[in-house]
Amino acid sequence: MSINSSDSNLKPSGNCTVPMRTAQIMVDFRTGELSGERVQRITRRIKDLKGSFGDEKARQSLDPEMVVYRVETFSPVSVGEEGGLFWGATFIEPGMVGNEYFMTKGHFHAERRRAEFYMAVAGGGALILMDESRRTSFEVMHPGSLHYIPAHTAHRVANTTGSVLAFMACWPSDAGHDYESIAAEGFAARLLKVSGAPALVAEP
Ligand code: PAN
Ligand code: ZN
């Protein structure tokens, strides 16, 4: 029996002796959305993001229930297990807190030696990267852009457009997330709207 990848009507035949399994998860490549029973979902709202944005007064003036971003995750192995991989999709709403774009909390991996891939699917924005010496840079994200996040590098994404920014991610199952370092020290620069355009502005 020959199998080709476009053979979507493939069925086990009477002679087939190997087990056939269907994928547990499906990815919608137009939107990045995951579907399947094992997809886990979290939502981050304005009320969950105290301390993330530079202008705390502006954050408090917004509806605390307003959604800033959602994350869908497929974790085929336990968190912390060595040798596995996780898949995620993140959806950042358009919006601003003062002059700062809606963005993810951002983190270092708890196991600093772990890297990650991001790939933008829809919308546009910026991946902000910061190494352990607090050197900060950003990469523009647009549909199809693939971003390698090296080990020892904090990462956060900001949506700089008027529509949802969706991106996929793949990272090692023993990477873990260190949000505490970012909560304590922040990023060394913020992505702000300056004269109508995004600019990475160093913290004073
Ligand atoms: C991503 C992020 C996701 C949400 O899956 O966890 O985009 O960002 P925060 O975790 O910073 O809130 C990832 O980088 N995983 O390692
Ligand atoms: Zn990460």
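Here's a walk through a predicted model, starting at its ligand and moving out into the strands.

Let's begin with ligand 1. There are 13 residues around ligand 1, and the ones that come nearest are G88, T90, T104, K105 and A169. Two strands, β5 (85-92) and β13 (165-172), are the elements that give two or more residues to this shell. As for its chemical make-up, the shell around ligand 1 splits into seven polar, four nonpolar and two charged residues.

Now follow those two strands away from the ligand. In general, strands of a sheet pair through backbone hydrogen bonds, in either a parallel or an antiparallel way. Here, β5 and β13 run antiparallel and are joined by eight bridges. If you want a spot to click on, try W87, whose bridge partner in β13 is C170. Strand β13 also pairs with β8 (residues 116-122), again in the antiparallel sense, over five bridges. On that side, A122 has A166 of β13 as its bridge partner.

Next up is an open sheet of three strands, with antiparallel pairing and the order β10-β9-β12. The edges belong to β10 (136-141) and β12 (153-159); each has a single partner strand, so one side of each is left without a neighbour in the sheet. On average, neighbouring strands of this sheet are turned by 20° against each other, direction ignored.

To look at one pairing in this sheet, take β9 (residues 125-131) and β12: these run antiparallel and are joined by seven bridges. Within that pairing, L127 finds its bridge partner in V157 of β12.

Terms used: Residues are numbered from 1 along each chain as its sequence is written. Chains are lettered from A and ligands numbered from 1 in the order in which they are written. This is a predicted model: local features need pLDDT of at least 70, side-chain atom pairs count only at pLDDT 80 or more; totals for chains, interfaces and linings use all residues. A residue is near a molecule or strand if its C-beta atom, placed from the backbone, lies within 6 Å of it. Helices (H or I, at least four residues) and strands (E, at least two) are DSSP runs, numbered from the N terminus. Ala, Val, Leu, Ile, Met, Phe, Trp, Tyr, Cys and Pro count as nonpolar, Asp, Glu, Lys and Arg as charged, and the others, Gly among them, as polar. Two strands pair if DSSP finds at least two bridges between them. Axes are lines fitted to C-alpha atoms, for helices over the stretch in contact, and angles run from 0 to 180 degrees between N-to-C directions.
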